[in-house]
Amino acid sequence: MSDQEKKVIFSGVQPSGKMTLGNYLGALKSWTKLQHEFECYFSMVNMHAITVPQDPEVLKRQTIELLAQFIACGIDPDLNTIFIQSHVREHAELNWVLCTMTYMGELNRMTQYKDKSKKSEANLNAGLFTYPVLMAADILLYQTDVVPVGDDQKQHLELARDLAIRFNNKYPGTFVVPEGYYPKETARVMSLQEPEKKMSKSDSNENAFILLAEDSDTTVKKIKKAVTDSVGVVKYSDDQPGLKNLINIYSAVTEKSVEEIVAMYAGKGYGAFKGEMAEAVVESLRPIREKYAYLLENRDYLEGIYTRGAEKAEIRAGKTLRDVYEKIGFIPRKF
């Protein structure tokens, strides 16, 4: 199937820190399958990242590290368009047009804005408020058919759909109205210390998450410190959320079923379970970690990927933006 016949997927990740095992099992691992079925645009969305204060040098470094982790996890630069958001200026330009068609009430209702505004009163900038409009621009620029989304992003996708429909009602045939992609097999990885919460790199407790780029000994120690319970029996139960989370991770990295794993540890304690589970996680991440380290030593290769990616992304994004500008009455550039 040619790229023209394939449906388009867009997904963006903020370069705001190193990726976790949860990011890999919950998103990137499924992306490696999607890249063979869809025309994929994957972006390091550094424009989104600056809605909170950033150290410029750290942001640059983390953008390159995120690109390296994409590739190390199996995102093939020959199959996908991988680029840095700020390198494609059409994102900012379409964002402005869509801002003029977005209602204040819609943005006021955004759950993430409400949550962030409570935590960041000292940095309550307009970017935080209009963040979902830029996200809609990211998606609509590429005539995206499908967007992989987690539960916390459903509201933002709905806004993108609403804006596409609103624009199309006024200027027919401009945007594809995107659909959400919710893979059933994706693992939902929870915190190792508070298993009722998602694993997050922003957690203040470093033992709560596993980083793709950390060393193996650190990973083993975190798993051995992971919260379980006093029951002492390896079983898959909502009454044992910490253990259930570890079983889910074990299952995701080995592709063994939950039932197989529970049967393997019948009559055994948590010590044996955690030790072998930690070994399985480390072995599954070893090739990713080795490739990541190699890529960071080859910056010219990474620069070539994001340069080619931006050039390719700009072709599709530019076509969409020219159509938008013509329809709203902007005189086209002659230079």
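The following legends describe close-up views of a predicted model.

**View 1. Strand β2 and the cover on its two faces.** Strand β2 spans residues 39-44 and is mostly covered, with six of its six residues buried. In a regular strand, side chains alternate between the two faces of the sheet. On one side of β2 lie E39, Y41 and S43, and on the other lie C40, F42 and M44; each of these residues is buried, and both faces are thus covered.

**View 2. Pairing of strand β1 with strand β2.** Strand β1, residues 8-13, pairs with β2 in the parallel sense, and six bridges join the two. The chain passes from β1 to β2 through helix α1 (residues 21-34), and this β-α-β crossover is right-handed. Two positions illustrate the register: I9 stands opposite C40 of β2, and F10 stands opposite Y41 of β2. Strand β1 is largely enclosed by the rest of the structure, because five of its six residues are buried.

**View 3. Pairing of strand β2 with strand β3.** Strand β3 comprises residues 81-84 and runs parallel to β2, to which four bridges join it. Within this pairing, M44 has I84 of β3 as its bridge partner. The buried residue M44 belongs to the face of β2 that also carries C40 and F42.

**View 4. The aromatic cluster of F10, Y41, F83 and Y142.** The structure holds 11 aromatic pairs. One of them is formed by F83 and Y142, whose rings are tilted, with 5.7 Å from centre to centre and 50° between the planes. This pair links distant parts of the chain: F83 lies in strand β3, whereas Y142 lies in the loop between α7 (126-141) and β4 (146-148), and the two are 59 residues apart. F83 has a relative accessible area of 0% and is therefore buried, the cut-off being under 20%. Y142 is likewise buried, with a relative accessible area of 0%. Ring pairs link F83 and Y142 with F10 and Y41 into a cluster. Of these residues, F10 and Y41 also stand opposite one another in the pairing of β1 with β2.

**View 5. The surroundings of P178.** P178 is located in the loop between α8 (154-170) and β5 (179-181). The relative accessible area of P178 is 0%, so this residue is buried. Beyond its neighbours within four places in sequence, P178 is in contact with I139, L140, T144, D145, V147, L157 and R161. A136 and P178 are 42 residues apart in sequence, while their C-alpha atoms are 9.9 Å apart in space.

**View 6. The charged end of K154 and the ring of Y182.** In this view, the charged end of K154 sits over the ring of Y182. The distance from that charged end to the centre of the ring is 5.3 Å.

**View 7. The exposed residue S230.** S230 is found in the loop between α9 (216-224) and α10 (241-254). With a relative accessible area of 76%, S230 is exposed, whereas P178 in View 5 is buried. The C-alpha atoms of S230 and G74 are separated by 39 Å, and the two residues are 156 residues apart along the chain.

How values were computed
Residues numbered from 1 in each chain as written. Predicted model: local features only at pLDDT ≥ 70, side-chain atom pairs only at ≥ 80, totals over all residues. Heavy atoms only, no water. Buried < 20%, exposed > 50% of the residue type's maximum accessible area, 1.4 Å probe, protein only. Pairing = 2+ DSSP bridges. Right-handed = clockwise from strand over helix to strand, strands pointing away. Contact = heavy atoms within 4.5 Å. Phe/Tyr/Trp six-rings, centres within 6.5 Å; stacked < 30°, edge-to-face > 60°. Lys NZ or Arg CZ within 6 Å of the ring centre and 35° of its normal.
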